[in-house]
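Reader: I should like to learn how to read the features of a protein model. May we take them one at a time?

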Amino acid sequence: MFSKKILLFGYGKHGKFIAKGLHEDGLSVKVIESSLDFYTAAKEDGFEDALHIDVTEDEELRALNPDKYEQIVCVMDDAHLNVFLTLSLRSLYTECYILALSDSIHTTKKLQMAGANKVIDLYEVSANKIHNILNRPVATKILEKFVTEKDGISFQEMLIPEDSFLIGRMTDEIDFSPFGVLLLGMIDKELGHAFIFITAGINHKIDTGDTIVCIGDKEKLKAFEKEIKKRRV
Amino acid sequence: MKQILLSFALFLNGSKRYRSIKDFIRDILTNPDNPHKKYIDITIIFLIITSVFILIYEVKNPVHEYFDLYDIYFVSFVFAIEYLLRLWVHNDLSGHIIQEYNDARYLQRDFSLWTPLKKGLAEKFQYMLTPAALIDILAILPAYRPLRILRIFVLFRVLKLLRYTKSIKQFMEVLSNKKFELLTLLFLLFFIVMVSGIAMYVLEERINPHIESLFDAIYWALVTISTVGYGDISPVTGEGRTISILIIISGIAMISFSTSVIVSAFSEKLSELKENRIIEQINKNKSFLLICGYGQMAKMFFRQNEIEMSNYIILDNNFEKVQLAIKDGYRAIHEDASRHDTLQKFNIEHAKITMLCLADNDVENIYIALNAKSISHKIKVIARASSSAMASKYEYAGVDHVLLPNVVANTMIHTAITQPTMHKAIHAILTGKNIARIDELHVNTYPTLIGKNIEALNFKKSKLLFMGIEREGEFMFNPSLSTCIESHDILLVMGRQISLDYFKTLHEGNV
């Protein structure tokens, strides 16, 4: 995709898997650890530029130049350290995007207060999943496939290029079925950055710079992405 | 004769129909979890109450002949049938005969009908001697009219109610736990009453005009020691009054002692009684959740519930956690879910149980899951595993869904980083946010959908996004508009909650 630079704090039970997944997707990840054991593990796993620093020191954090990275991910195993780190980063750099993982209800709130842009609560997402399994077993199973599987059906976001044949047409009138994909929703540039689901029931006009999100077979999605670049006839 | 009985037993034993009928009757009469049992219970209770009412009414007023007939024939007839059925299902007489016949053939000895018959009948007789069975037979007796005294046996019908009231059964159970203390007290009471009664008789028989026999003296002693003190007999001599003082003092001591014994018996059993009540209540539901372990996960699970759940129960073997759950307002009991008898208490036969193993510990979770599966495969188990390496073990244990909190969270973070726009969308879908719920429609509950093609359903008009059909385990994504819907399909649609609800109501009726 595009080469994003991610600063990952923590190479513990979560960091390890996240780093691996991101690396597989071709993103450049820089691992920072304060524990020597995890640091060596990161080195062994091939993250050569991993750093071993004391994350409570502002000077050392500053030396990392976090504002050069697109996203900062805080997934330290120690929840206290994670909160402190988030707070330090936020106080040093008000602009950067911080994503943090919380493994308890109490930590989630603290991380949010510390200034994390997005907090993913381990228990919240899991508890959600239980509800989903109980109430909508089939839907959950299929959705999971969508999200996790590399091939087969998945989601894709597409930027509408200049003079695409879709420009100027309403979402309701476009027939997507010949392409084998479904339109899930879009981001209308005129309306800000909010994601609008197609099912919200509002008809949108597609313009240049809008982003549409489609579901479909990977191949079909790729074909469709090429298709929308075609000029209007 | 022997041959006829044997072939009859063979016939009964071989008949599936006979077996299933017998099992059905046994279940409906004796299994409190049977959903139909309550109808039988209500009928019997109604019969008891009406017949007792007739007895009371009859004392002062003449009753209509019909009521009398109803009381004599109908009620007694129903009770007699119930009694015979209970006797019938108590054991398996034909089974005994077959067993003996097979044994005899195997050992090549003479087959004697008498041995199994004796054994089977002895078992039946033993059943007849149990208090419940005795009450049952006494409750049939009032049908015999020539003896007026038998009318009082109607009261045994009231005792029959004992079978249907759990609280009295529990009361007796609690008291039987304190058998030793209560028996000691009873013996002491007997001893004091006898000694003081005899003393009174010897001292005052000639002087006191009210004491004419030893029975009077003992009656006086009992009335005094129980602190009832009618006053119809009272001591007249100084010696007699001294005895009275002693009895009164010991009486007070004894009453307070017996009260404390009973109270302590109850307070010891109170939590257990409460828990049993909770289990009974939950067992009445057609389907319910068993949540094992009250930790962070369980808390979050409850917190996310938009709708109040009624059919759940929390089990935890840590007393403090149970207390915490109760304090948080949830229905929790202090039980160890890894024990066989704990799960046995639940209505496994007739209810749909889903079990959530949410303990922090893999060993514990697997054990609980295996325990549930060993009791019945009908129990659906969703278990939490600590790592993906553990997941295969859970699957091996037969767990229906393995939940990996770490993996779920890691995927979320991953998508949040790589696909930020879509992450929002996926998150909204996965968390089932109001605006974009993905829901499944089981076609068999909406029979009007069968046979229609997708174009005819016009999902777009209902503001729904039709995603595909799950048919026989296969998911067909975005099928062509001419695809017809079959009866076992599950349709996957996305949309706002109100659109989904509206679509469902639209297709519910026979349009």
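The dialogue below treats one chain, one helix, one contact between chains and two loop residues.

Author: This is a predicted model, in which local features need pLDDT of at least 70 and side-chain atom pairs count only at pLDDT 80 or more, while totals for chains, interfaces and linings use all residues. Residues are numbered from 1 along each chain as its sequence is written, and chains are lettered from A and ligands numbered from 1 in the order in which they are written.

Reader: How many helices and strands does chain B have?

Author: Helices (H or I, at least four residues) and strands (E, at least two) are DSSP runs, numbered from the N terminus. Chain B has 21 helices and 10 strands.

Reader: What span should helix H4 of chain B have?

Author: The expected span of a helix is 1.5 Å times one less than its number of residues. For the 26 residues of H4(B), residues 65-90, this gives 38 Å, and the end C-alpha atoms are 37 Å apart, which agrees. H4(B) nevertheless has a kink of about 30°, centred on B:Asp71; the bend at a residue is the angle between axes fitted to the seven residues ending there and the seven starting there.

Reader: Which residues of H4(B) are buried?

Author: A residue is buried if 20 or more other C-beta atoms lie within 10 Å of its own, exposed if 12 or fewer, and partly exposed in between, with C-beta atoms placed from the backbone. In H4(B) the buried residues are B:Asp71, B:Val75, B:Ser76 and B:Phe79. Their cover includes helices H3 (37-60) and H7 (131-140) of chain B.

Reader: How many residues does each chain give to the contact between chains A and B?

Author: Two residues are in contact if their C-beta atoms, placed from the backbone, lie within 7 Å. Chain A gives 55 residues and chain B gives 53. On the side of chain A, helix H6 (residues 122-135) gives the most, with 13 residues.

Reader: Which residues of H6(A) meet helix H13 of chain B?

Author: They are A:Tyr123, A:Glu124, A:Ser126, A:Ala127 and A:Ile130, which meet B:Gln296, B:Met297, B:Met300 and B:Phe301.

Reader: Where does B:Gln108 lie, and is B:Gln108 buried or exposed?

Author: B:Gln108 is in the loop between helices H5 (93-107) and H6 (114-128) of chain B. B:Gln108 is exposed, because 6 other C-beta atoms lie within 10 Å. Its phi is near 55°, a positive value in a residue other than glycine. B:Thr227 likewise has a positive phi, near 60°, and lies in the loop between helices H11 (214-225) and H12 (238-283) of chain B.
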